[in-house]
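I opened the notebook with a short list of things to look up: helix packing, the sheet, the core, and a few single residues. The entries follow in the order in which I went through them.

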Amino acid sequence: MCTVNMKEVLASHNSLPEAGNTFYNTIVGAIASDEKVVANMEGVSSLPSMFLNVSIGRIIDEYDMDTLKQHVSFSNITRSQAERLKDYLIRYN
């Protein structure tokens, strides 16, 4: 299992697509080694669509929703973040 501090991922890049690509690569690595990624949402204020499209959306496109659910989970997620993610996934499908 790999824990990713999402606040650091979002803050350590010059753009949201770069941050999304970093998270995407982490997920792809977890899928390849049949592991799980836990995204720690502590300190994250928002989940911009541009970040989600490049990371979560790309995983759904290249694999599928079930693969995403098997390999990615979230910790320290607020109710509003969970609702945002749920809405994104519903609209993406």
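**Entry 1: α3 and α5.** I began with the crossing of α3 and α5, which is right-handed; I note here that I am working from a predicted model. The two axes come within 11 Å and cross at roughly 55°, which makes α3 oblique to α5. I then listed the residues in contact: α3 contributes Ser49, Leu52, Asn53, Ile56, Gly57, Arg58, Ile60 and Asp61, and α5 contributes Arg84, Leu85, Tyr88, Leu89 and Tyr92.

**Entry 2: aspartate 61.** Since Asp61 appears in that contact list, I looked up its surroundings. Aspartate 61 lies in helix α3, and with a relative accessibility of 55% it counts as exposed, the cut-off for that class being over 50%. I also took a distance to the sheet: the C-alpha atom of aspartate 61 is separated by 20 Å from that of valine 38, the two residues being 23 apart along the chain.

**Entry 3: α2 and α3.** I went on to the packing of α3 with α2, where the angle is about 30° and the axes are 7 Å apart. Angles under 35 degrees count as roughly parallel, and α2 and α3 are therefore roughly parallel to each other. The crossing in which α2 passes α3 is right-handed. From α2 I recorded Leu16, Pro17, Ala19, Gly20, Asn21, Phe23, Tyr24, Ile27, Val28 and Ile31 as making the contact, and from α3 Met50, Phe51, Val54, Ser55, Ile56, Arg58, Ile59 and Glu62. Ile56 and Arg58 of α3 are thus on this list and also on the one for α5.

**Entry 4: the sheet.** Which order do the strands take, and how do they pair? I found an open sheet of three strands in the order β1-β2-β3, with parallel pairing. β1 (2-5) and β3 (72-75) stand at the edges with a single partner strand each, so one side of each has no neighbour in the sheet. From one strand to the next the twist averages 25°. Helix α2 (residues 16-32) packs on this sheet and touches β1, β2 and β3, its direction making about 150° with that of β2.

I then went through the pairings one at a time. β1 pairs with β2 (residues 37-40) in the parallel sense over four bridges, and in this pairing asparagine 5 stands opposite asparagine 40. β2 and β3 also run parallel and are joined by four bridges, with alanine 39 opposite phenylalanine 74 of β3.

Are the faces of β2 buried or exposed? Both are covered, with Val37 and Ala39 buried on one side and Val38 and Asn40 buried on the other.

**Entry 5: the core.** The largest nonpolar core has 25 residues, and I noted Met6, Phe23, Ile56, Leu68 and Leu89 as those with the most contacts inside it. At least two residues of this core come from each of α1 (6-11), α2, β2, α3 (49-62), α4 (65-71) and α5 (79-92), and the largest share, six residues, is supplied by α2. I followed methionine 6 further: leaving aside neighbours within four places in sequence, methionine 6 is in contact with Phe23, Ala39, Asn40, Met41, Val44 and Phe51. Ala39 and Asn40 are the residues already entered for opposite sides of β2.

**Entry 6: two positive phi values.** My last search was for unusual backbone angles, given that most residues other than glycine have a negative phi. Aspartate 34 has a positive phi, near 55°, and is placed in the loop between α2 and β2. With a relative accessible area of 64%, aspartate 34 is exposed. Asparagine 76 likewise has a positive phi, near 50°, and its place is in the loop between β3 and α5. Its relative accessible area is 47%, so I entered asparagine 76 as partly exposed.

Technical notes. Residues are numbered from 1 along each chain as its sequence is written. This is a predicted model: local features need pLDDT of at least 70, side-chain atom pairs count only at pLDDT 80 or more; totals for chains, interfaces and linings use all residues. Side-chain values use heavy atoms; hydrogens and water are left out. Two strands pair if DSSP finds at least two bridges between them. Axes are lines fitted to C-alpha atoms, for helices over the stretch in contact, and angles run from 0 to 180 degrees between N-to-C directions. Contact means heavy atoms within 4.5 Å. A nonpolar core is a set of buried Ala, Val, Leu, Ile, Met, Phe, Trp, Tyr and Cys residues joined through side-chain atoms within 4.5 Å. Buried means under 20% relative accessible area, exposed over 50%, partly exposed in between (1.4 Å probe, protein chains only). Angles under 35 degrees count as roughly parallel, over 145 as roughly antiparallel, 65 to 115 as roughly perpendicular and the rest as oblique. A crossing is left-handed if the near helix is turned anticlockwise from the far one by less than a right angle, and right-handed if clockwise.
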